[in-house]
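Open the model in your viewer, with cartoon display for the backbone and sticks ready for side chains. The tour below goes from one selection to the next and says what is there.

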Amino acid sequence: MAITHQKTAKILVFSTEKISDPAIDMAGLLKLHYPPTVYTITVPCSSGIKPKWILHAYEKGFDGVFIAADGTDCVYGETCTEKIGALVSKTHELMKEKELNPARLRMAAICSVCSESFVKQIRSFNEYLLKTLETES
């Protein structure tokens, strides 16, 4: 009997300790499966992520970066959503300068009970990255 392995993209996830981390943890507890090549870095607030961190991930071989943003649930301030939107826009411009496809950076608001949404987002992103990277090579 042959064992087949589905190819998966290497994805770095920036998640927040109070909002999206609980959803990601719950996905594991509920045995909701997503690619094993997903790596998570926890930050206090998604608006504190630096564009250079994202670009560094691509330099280190990540296929995509996913920001599990706080959305309007951020405990650090009402302007978090605007800040992270500006961060993503700036990073997209830097990616274009480095000839990286900006679609390799994705963001979604993930609340503390949004385990299924997180898994759906990651699976979709993985499929997109696999198709995109196959086309680019």
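Begin with the sheet. Four strands make up an open sheet with parallel pairing, in the order β2-β1-β3-β4. Select residues 38-43 for β2 and 105-109 for β4: these are the edge strands, and each of them pairs on one side only. Between neighbouring strands of this sheet the average turn is 20°, direction ignored.

Note before going further that this is a predicted model.

**The whole chain**

Colour by secondary structure. The chain holds four helices and four strands, and along the sequence they follow the pattern β-α-β-α-β-α-β-α. Of the 137 residues in the chain, 40% are buried. Among contacts with a separation of 6 or more, 77% are between residues 24 or more positions apart.

**Strand β1**

Select residues 11-16, which form β1. How many of the residues of β1 are buried? Six of the six are, so β1 is largely enclosed by the rest of the structure. Show the side chains to see both faces of the strand covered: Ile11, Val13 and Ser15 are buried on one side, and Leu12, Phe14 and Thr16 are buried on the other.

Now add the partners of β1. Strand β2 runs parallel to β1 and is joined to it by six bridges. Strand β3, residues 64-69, also runs parallel to β1, with four bridges between them. Leu12 is a useful residue to centre on: Tyr39 in β2 stands opposite Leu12, and so does Val65 in β3.

**Helices on the sheet**

Select residues 51-59, helix α2. This helix lies across β1, β2, β3 and β4, and runs at about 145° to β3. Next select residues 80-97, helix α3, which packs on the sheet and touches β3 and β4. The direction of α3 makes about 170° with that of β4.

**A salt bridge within α3**

Stay on helix α3 and show Glu93 and Lys96 as sticks. These two residues form a salt bridge, with their closest N and O atoms 3.5 Å apart. The count of salt bridges comes to one. Glu93 and Lys96 are three residues apart in α3, which means that about one helical turn separates them. Are the two partners buried or partly exposed? Glu93 has a relative accessibility of 43% and counts as partly exposed. Lys96 is partly exposed as well, with a relative accessible area of 49%.

**Where α1 meets α4**

Select residues 20-29 for helix α1 and residues 115-136 for helix α4. Two packed helices are described by the angle between their axes and the distance between the axes. Here the axes of α1 and α4 come within 8 Å and cross at roughly 85°. That crossing makes α1 roughly perpendicular to α4.

Show the side chains at the crossing. On the α1 side the residues are Ala23, Ile24, Met26 and Ala27, and they meet Ser115, Phe118 and Val119 in α4. Sorted by class, this contact has six nonpolar residues, one polar residue and no charged residues.

**Thr40 on strand β2**

Go back to the sheet and select Thr40, which is in strand β2. At 37% relative accessibility, Thr40 counts as partly exposed. Which residues does Thr40 touch, not counting those up to four places away in sequence? The residues are Val13, Ser15, Asp21 and Ile24. To check a distance, pick the C-alpha atoms of Thr40 and Ile11: they are 8.5 Å apart in space, while the two residues are 29 apart in sequence.

**Two loop residues with positive phi**

Finish in the loops. Lys31 is in the loop between α1 and β2. Although Lys31 is not a glycine, its phi is positive, at about 60°. Lys31 counts as exposed, with 64% relative accessibility.

The last selection is Glu99, in the loop between α3 and β4. Glu99 is a residue other than glycine with a positive phi, near 60°. With a relative accessibility of 75%, Glu99 counts as exposed.

Notes
Residues are numbered from 1 along each chain as its sequence is written. This is a predicted model: local features need pLDDT of at least 70, side-chain atom pairs count only at pLDDT 80 or more; totals for chains, interfaces and linings use all residues. Side-chain values use heavy atoms; hydrogens and water are left out. Axes are lines fitted to C-alpha atoms, for helices over the stretch in contact, and angles run from 0 to 180 degrees between N-to-C directions. Angles under 35 degrees count as roughly parallel, over 145 as roughly antiparallel, 65 to 115 as roughly perpendicular and the rest as oblique. Contact means heavy atoms within 4.5 Å. Ala, Val, Leu, Ile, Met, Phe, Trp, Tyr, Cys and Pro count as nonpolar, Asp, Glu, Lys and Arg as charged, and the others, Gly among them, as polar. Two strands pair if DSSP finds at least two bridges between them. A salt bridge is a side-chain nitrogen of Lys or Arg within 4 Å of a carboxyl oxygen of Asp or Glu. Buried means under 20% relative accessible area, exposed over 50%, partly exposed in between (1.4 Å probe, protein chains only).
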